[in-house]
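Here are some worked exercises on reading a protein model. Have the sequence and the 3D view open, and try each task before you look at the solution.

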Amino acid sequence: MNVSHQNTDNLNAVISIEISKADYQAKVDKSLRAYGQKANIPGFRKGKVPFSILTKMFGKSVRAEEINRLVSESLYNYIRDSKLNILGEPMTAEDMTVDLDAQDDFTFRFDVALAPELDVKVDKKIKVPYYTITVDDDMVNRQSESFRSRFGKQVSVDESTDERDLVKGSMVELAADGTPAEGGIVVESTIVSPNYFKSDEEKAKFAGVKKEAKVVFNPSKSCNGSTAELASMLNIDKEKAAQVTADFEMTVTEITHLQPADLDQELFDNLFGKDTVKSEEEYFAKLREMIARQLVPESDYRFSIDARAAIEKAVGDFELPEAFLKRWLLATDQERKAETIDDDFAKMVPDLKWQLIKEQIVKQFDIHVDDNDLKAVAKHVAASQFAQYGMTGVPDDVLDRYANEMLSSKDTRSRLINQATEQKIQTAIKESVTLNQKEISMEKFQKLFETAE
C-alpha cells in the first residue's frame, strides 16, 4: 500500500491511496471466518459453514467493508502523521472511479483543502482601545433604589403616592349613561396595578386615589384589549372577556404601597453579608464598586471586537480554498442550495478567517484548558446566575457544588471548554497588545455599537 499527496496549488491537494489485494485479503478472510462462527445459515450447524459458501454469500459485502475501512484509516492516519492542516473533510475526487467487483487493485484519490499559512504575531505593535465605563451617581442611585425595593415591605396606606401601588376593591360594569349596567359584570374583589396599564389616560385616573374613593375607568383600554389580563382583572373567562369594552366603577377598599427598605444594617447585611458594610458611605462605595465590576464584561466585549479588527488588519487579507469549501458545504448540509451557496459562503468567510487566526494565536501562546480552568469558569457562571437574583457573596462551597453539577453534563462541559478557551485567548491578546485606555460614559459607550452597525 502506498499513500502520498500532491499539492495542486497553495490551498488544495490530492491524497492518493494505492492498495492491492494483498493489503486487504487477509482481513477479509478473517472477517468471513469470524462471521461463520456466529451466523445461522439453514442447512449448516453454527461454525460449520464451508468457507466457500461464506465467500459466495458474504464475500462482496465483507470485501467492500474491509476496503473502505482500510482506506479510511489510511487517509486519516496520513493526514495526522503528515501534519496536514486541512479545512473541512476530505472529499472523493470528482473524476475518480473504482469498480469493487471487477478490480483487485485500486487507487483512491481524495481532494483536501489546505489551511492557508498565516503570519500571525500578537504583540505591542498592535494598538487596541480599551473603554472603561464611568460609574456615575445616577447608576448608583438606580441600583440602590432597585435593592431597596427588592428588600422592601408592603404596607397599607390611605392614599396612593406611587403608580406602582396595588389598588384593591370591588368593580361594577357601567351602562352608557354611567349607571350600573343591568345584568352587567360585578366583581366583588380584585386588585389592579396602574403601573402596568398600557394606557396613560387610564393610569392617570388612579393618581393620588384614596381609600373608599370611586374610580371610573375602562379595563379594556387599560390592558390594550388583552383578554388574558381582562379575564384575570374581572374574574371571568377569556371568552366573556373578549366582549368587554364598557367602563367600570371601582370602589377602593385597600391600597398597598411598597415601602423601600431603610438604609440600615439589615439591608447592608442582606446585600453584602454580615458586617461587610457598616455605613451609608461604605454602602454607596460598595455599590459603585459592584457596578464597575459588572460593567467589565461590557468593556471586555467591546475590546474583543476592536482587538479582532486590529489583529485582522495586522495579518492582512488572505485567500481560502473557496471552490472546495462550497462543494464540501453542499455535500454535508442538505439544507444548503446551490443557487444560494455563493451568498452563504460570503457570510461565513469573516468568521472562518478569524477562526484560522485564533488557531495561530492559540499556538503562539501555547493556550490549553485544564480542569482548574474549567472549574473557575463554571464557578464564575454560577456566581453570575446568583447575582441575577440579587444574591451576592455566595459562599465558595455553594459555588463549588453548582460548578460540579454543571461540569457533570457533557453538553455544558463542552460549552464551558469553549468559553474557557475563548477567555484565555482574549486574556493573552489583552496582555500582549498595547491598550489605549479610555474613560467613557455609558451613553457614549453604547453609541460605539450604533456606529459599528
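**Exercise 1. Who pairs with strand 10?**

Task: Take strand 7 and strand 10; in which sense do they pair, and over how many bridges? Then look for further partners of strand 10 and for residues that stand opposite each other.

Solution, step by step:

- Start with strand 7, residues 166–173: strand 7 pairs with strand 10 in the antiparallel sense, over 8 bridges. Keep in mind that you're looking at a predicted model.
- To get the register, pick one pair: Met171 sits opposite Met250 of strand 10.
- Now go to strand 6, residues 153–157. Strand 6 runs antiparallel to strand 10, residues 248–259, and 5 bridges join them.
- The register here can be read from Lys153, which faces Gln259 in strand 10.
- Last, check strand 9, residues 214–217: it pairs with strand 10 over 4 bridges, again in the antiparallel sense. Lys214 has Thr251 of strand 10 across from it.

**Exercise 2. Two residues in strand 10**

Task: Is Thr256 buried or exposed? Do the same job for Ile255, and list what each one touches.

Solution, step by step:

- Place them: Thr256 is in strand 10, and Ile255 is in strand 10 too.
- Apply the cut-off: buried means under 20% relative accessible area. Thr256 comes out at 18%, so it counts as buried.
- Ile255 has a relative accessibility of 0%, so it is buried as well.
- Now the contacts, skipping residues up to four places away in sequence: Thr256 touches Gln154, Val155, Asp165 and Leu166.
- With its neighbours within four places left aside, Ile255 has contacts that include Val155, Ser156, Val157, Asp165, Leu166 and Val209.
- What should you expect of side chains along a regular strand? They alternate between the two faces of the sheet.
- For a sense of scale, find Lys27: its C-alpha is 86 Å from that of Ile255, with the two positions 228 residues apart in sequence numbering.

**Exercise 3. Reading an open sheet**

Task: What is the strand order of the open sheet of 4 strands? Then work out which strands sit at its edges.

Solution, step by step:

- Trace the sheet across: the order is 1-2-4-3, and the pairing is antiparallel.
- Look at the two ends of that order. Strand 1 (2–7) and strand 3 (86–92) each have a single partner strand, so one side of each has no neighbour in the sheet.
- From one strand to the next, the twist averages 20°.
- Zoom in on one pair: strand 1 and strand 2 (residues 12–19) are antiparallel over 6 bridges. Within this part of the sheet, Asn7 stands opposite Ala13 of strand 2.

**Exercise 4. Two pockets**

Task: Which residues are closest to the centre of the largest pocket? Describe its lining, then repeat for the second largest pocket.

Solution, step by step:

- Volume comes first: the largest pocket has about 1,000 Å³.
- Of its 29 lining residues, Arg293, Gln294, Pro297, His380 and Ser384 are closest to the centre.
- Elements that give two or more residues to this lining are helix 3 (137–150), helix 9 (280–315), helix 12 (371–388) and helix 14 (410–432). Helix 9 provides the largest share, 10 residues.
- Sort the lining by class and you get 11 nonpolar, 12 polar and 6 charged residues.
- On to the second largest pocket, with about 260 Å³ of space. It has 14 lining residues, and closest to its centre are Asn10, Leu114, Ala115, Pro116 and Glu117.
- Strand 1 and helix 11 (341–364) each give at least two residues to that lining. The classes there are 6 nonpolar, 5 polar and 3 charged.

**Exercise 5. Positive phi without glycine**

Task: Where is Asn235 found? Check its phi and its exposure, then do the same for Asp366.

Solution, step by step:

- Asn235 is in the loop between helix 6 (227–234) and helix 7 (238–241).
- Its phi is near 55°, a positive value in a residue that isn't glycine.
- Exposed means over 50% relative accessible area; Asn235 has 53%, so it is exposed.
- Asp366 lies in the loop between helix 11 and helix 12. Asp366 isn't a glycine either, yet its phi is positive, about 50°.
- With a relative accessible area of 58%, Asp366 is exposed.

Definitions and conventions. Residues are numbered from 1 along each chain as its sequence is written. This is a predicted model: local features need pLDDT of at least 70, side-chain atom pairs count only at pLDDT 80 or more; totals for chains, interfaces and linings use all residues. Side-chain values use heavy atoms; hydrogens and water are left out. Two strands pair if DSSP finds at least two bridges between them. Axes are lines fitted to C-alpha atoms, for helices over the stretch in contact, and angles run from 0 to 180 degrees between N-to-C directions. On a 1 Å grid over the protein atoms alone, a cavity is a set of points where a 1.4 Å probe fits but cannot get out, and a pocket is an open set with protein on both sides within 12 Å along at least five of seven lines; lining residues have an atom within 4 Å of a point. Grid points are joined across faces, edges and corners, and a volume is the space filled by probe spheres set on the points. Ala, Val, Leu, Ile, Met, Phe, Trp, Tyr, Cys and Pro count as nonpolar, Asp, Glu, Lys and Arg as charged, and the others, Gly among them, as polar. Buried means under 20% relative accessible area, exposed over 50%, partly exposed in between (1.4 Å probe, protein chains only). Contact means heavy atoms within 4.5 Å.
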